[in-house]
Structure formats: C-alpha cells, structure tokens
Amino acid sequence: MNAPTALPDLSHLWMPFTANRQFKANPRMLTAAKGMYYTTLDGRQLLDGTAGLWCVNAGHCRDEITQAIASQAGAMDYAPGFQLGHPLAFQAASAVAGLMPEPLDRVFFTNSGSESVDTALKIALAYHRARGEGQRTRLIGRERGYHGVGFGGISVGGIAANRKTFSGALLPAVDHLPHTHSLEYNAFSKGQPAWGAHLADDLERILALHDPSTVAAVIVEPMAGSTGVLVPPQGYLERLRAITARHGILLIFDEVITAFGRLGAATAAQRLGVTPDLITMAKGISNAAVPAGAVAVRRDIHDAIVEGTANGIEFFHGYTYSAHPLAAAAVLATLDIYRREQLFARALELAPAFEQAAHRLQGAPHVIDVRNIGLVAGIELASREGAVGARAAEVFHKCFDRGVLLRYTADTLALSPPLIIEEAQIGQIFDTIAAVLKEVA
Ligand code: PLP
C-alpha cells in the first residue's frame, strides 16, 4: 500500500495521551518507517530518537518480522487460547523464558504493558491465596511510577495527572514509596547515581504501618522511563529486594520499557544484578510490529497456583488475544533478530558514546540535569514560570521540524533510540537538541 500524502478528516479520532485540539490545529503525521527513520506526510525523513514509544528496538519494518506476520496471517489468522493451543504460542513462551533471569521461566501472554501489569498484580494475589495467605492484598508502588492505564496500573502508579480524574475509583489497598529523583544530590550523574539507596528503606516504614503480612507485592520500574528517565541509585534495588524477600512479599519489576535490550542486556534485572519475582514486558517483545506483552513468573509461583489447584482452570484470567498467532510469530522473529544481531550487546557497547554525547549538553541553555543508562537519556530543562512542559514542547516541535524525533514529559526530554543506531546518528540527535536549545527562550 502506498503511503498517504493528503491529510484525512481528523475529527473522528479521539487521540490517546494527546492534546487533541493542539494536534489537530497543527498535525504531525507519520506515513512510513524503515530502519532508523520515519517518513512524514510531507515527505521528510525523521530520525527516530525514541524507537517509536520505546518499543521498536530492532529498527522499523524489519523484513523478517513483516514476513513472519504476513505468512502467519495467511496460515492461521486466529486461534482461541482458552482450552486450546497453537504451537507458536508455546515456542514464543520458551523463547521469552530463555531470555529471562533464572528462575523466571513461566510466561503468561498479554497484548500490552497495561495488561501485563494488571496480570502481574493478579498473579501476586493468586499466589498468596494459593498458599493460604489470602490476607496479603496490599500493593505498593512508587511516586512517579508509570504502570500503564488499567485501574491496577494507575492505582500502583504514581503520576498524579494519570490518577486525579479517577481518584475515587482506584484500588483501595495501595501505598507508594517515595520517588528517587534528586537534582540536589544527583544532577548530571552518569549511569546509576551515587545518592539514594536509603530511599528504599522507606518500605520498612510502610510495612510497619500496614503490617507486612498484609502486603502482596511491591512493583517498580527498575528504571522509570515515562516519568522522565529516573535511573535507580546504586544499591537501591538491592535493598528493595532484601526487604521484600525478608517479609515474603513479591517484587515485580515493570520492564515494559527496559526489557529486550534497552539497558544493554535482555532485562534490567540482569543488567543491574537484581532478580525480582515477576517481570512485566511488552513493547520490544514484538518490536512493536504487533501488539504483544507478557509476564515472566518465578517457576514456583506458577507451580503454587497451577499445581495447587485440584482440577479445572487454575487462574481465572486471560485475554482473547493472549498469544495471538500474529503476535507469537512476531515475537519469535523479533527475538531471533535480537539474537542474531546481538543487539543487547550492541546497546551496551554504544552506551558510552551515547552517554558522552548526552552529557555534552551540560552547560547548554536551560539544561539542569542530564541522566542516562544504556541507550536511554533524560535531559531535564528548567521550567518556564507557571508553564511546566512548555519549553520542552517547543524543543520537541523544533527538533521534529529539523528531522529528529524525541519525547518529553513535563520538561524532561527523553531519548531511547532503536538499538541499531549508528554513532553518527547519536551525534545528530544531540547536536540537533543543542542547536535548538540555543534558539528557545
Ligand atoms: N509499564 C511501563 C513501565 C511503561 O513504560 C508502559 C508504557 O510506556 C506501560 C506499563 C504501559 O504499556 P502499554 O501502553 O503497552 O499499555
């Protein structure tokens, strides 16, 4: 199909997480993608500094994935996943399990990060109940955490704007750890900041308040992406791990952004050397070519639920499209590319050049912090008086006009390019930002 070149009627589509009126007054439309580039409606090439939405880790429109999806669509478009199976679903689960830290080798498929989060929270509750600890119903998230948009996800999430409209309908038994961001102690840190491990100790205070025996799980992003790139302080995740283990509480890493190479390993858990009990994922699992997500679960957690049920369905949960044949085909083709091209190792190798290029922005106008890990960087700008986000929005627009796609949250610019990026393209991204920052008031 040829890429469209004319603007369609924009009125019917209610766009997600978008300022609809502003967008429709000044639409930025993408019509094609290949490798590191998008093509815009007006025919310009746009260097993808964000891997779409942190998801196209192998670069766009990879032939192997496209062909796997197309041939699966022709062979068997859909198969029910309830009480029936198809071989690709099992193969895809084995392939995902093979990349997870031991012993997280049981895999439940979903279609998105939000579904993965709600699935993981439900598995945590089901596990405790199966072991006769049904009183463990409390869930603990973290301020500034993003765990998608399901009611479970926004309840444990800590982004105020995502919660406030629905505040009366959030899950009741939830508490939050403090976030780990500190410009005072950690500005311009490279990799994991030195200050902040003690913030994990706040979990002990929360547990004392509620009684640890009522708590089912703690969920955190090992690196918080959507809130504006918060890299975990050295020793912080280790402390969360130790405290949760001591109290029989499950630790869930939400790796929807970090899984599949973003930090230079299959998972952040492996890169940072801390193994949780469950890992949620989506995005890079299928290179975003087809919606797909999954939860990897410690084997004995799976067994407690599955073996612990006398007969019949063990876990009353699942989606019509769990392990959809097209998704399973895309997952297998994607993981094959990651393996053949050693893209996780490539991300690790490129990380120092990426870090250097990002930190060259220290001293550029408005820049109050640069933080990075793997192929992720956050560049925090001073906010304009009474207009949080306005400066970053302007930088975003100007970079877009100059052929570079970035993201922004409030006044933090976020970069997370496909792992196939070349060093010259890394230079182009940060040079463009540097030039634009000089022009922005
Ligand atoms: N969890 C994390 C850590 C995410 O970054 C995201 C999306 O960015 C989600 C969950 C939600 O994923 P989705 O938009 O696929 O539902």
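1. The centres of domain 1 and domain 2, taken over C-alpha atoms, are separated by 26 Å. The contact between them draws 32 residues from domain 1 and 29 residues from domain 2. This structure is a predicted model, and the remarks below should be read accordingly.

2. On the side of domain 1 that touches domain 2, at least two residues each are supplied by helix 2 (51–54), helix 14 (343–359), strand 11 (367–373), strand 12 (376–381) and strand 15 (412–415). Helix 14 gives the most to this side, with 7 residues. By residue class, the side of domain 1 that touches domain 2 divides into 18 nonpolar, 10 polar and 4 charged residues.

3. As to the bounds, the domain assignment places residues 20–58 + 342–439 in domain 1 and residues 66–340 in domain 2. Domain 1 is thus assigned as two stretches of the chain.

4. An open sheet is formed by 4 strands in the order 1-2-3-13, with mixed pairing. Strand 1 (30–34) and strand 13 (404–405) are the edge strands, each pairing on one side only. Strand 13 pairs with strand 3 (residues 45–48) in the parallel sense over 2 bridges. Within this pairing, V404 of strand 13 is the bridge partner of L47.

5. Strand 5 (residues 138–142) deserves separate attention. Is this strand enclosed or open to the outside? Because 5 of its 5 residues are buried, strand 5 is largely enclosed by the rest of the structure. In a regular strand, side chains alternate between the two faces of the sheet. Both faces of strand 5 are covered, with R138, I140 and R142 buried on one side and L139 and G141 buried on the other.

6. The pairing of strand 5 can be followed to two further strands. With strand 6 (residues 174–177), strand 5 runs parallel, and 4 bridges join them; L139 stands opposite V174 in strand 6. With strand 7 (residues 215–220), strand 5 also pairs in the parallel sense, over 3 bridges. The bridge partner of I140 in strand 7 is V218.

7. The final point concerns the ligand. Of the 14 residues around the ligand, those that come nearest are S112, G113, S114, G148 and V256. Helix 5 (residues 113–130) gives the most to the shell around the ligand, with 3 residues. The residues of this shell divide into 5 nonpolar, 7 polar and 2 charged.

Methods: Residues are numbered from 1 along each chain as its sequence is written. This is a predicted model: local features need pLDDT of at least 70, side-chain atom pairs count only at pLDDT 80 or more; totals for chains, interfaces and linings use all residues. Two strands pair if DSSP finds at least two bridges between them. A residue is buried if 20 or more other C-beta atoms lie within 10 Å of its own, exposed if 12 or fewer, and partly exposed in between; C-beta atoms are placed from the backbone. A residue is near a molecule or strand if its C-beta atom, placed from the backbone, lies within 6 Å of it. Ala, Val, Leu, Ile, Met, Phe, Trp, Tyr, Cys and Pro count as nonpolar, Asp, Glu, Lys and Arg as charged, and the others, Gly among them, as polar. Domain bounds come from an automatic or database domain assignment. Two residues are in contact if their C-beta atoms, placed from the backbone, lie within 7 Å.
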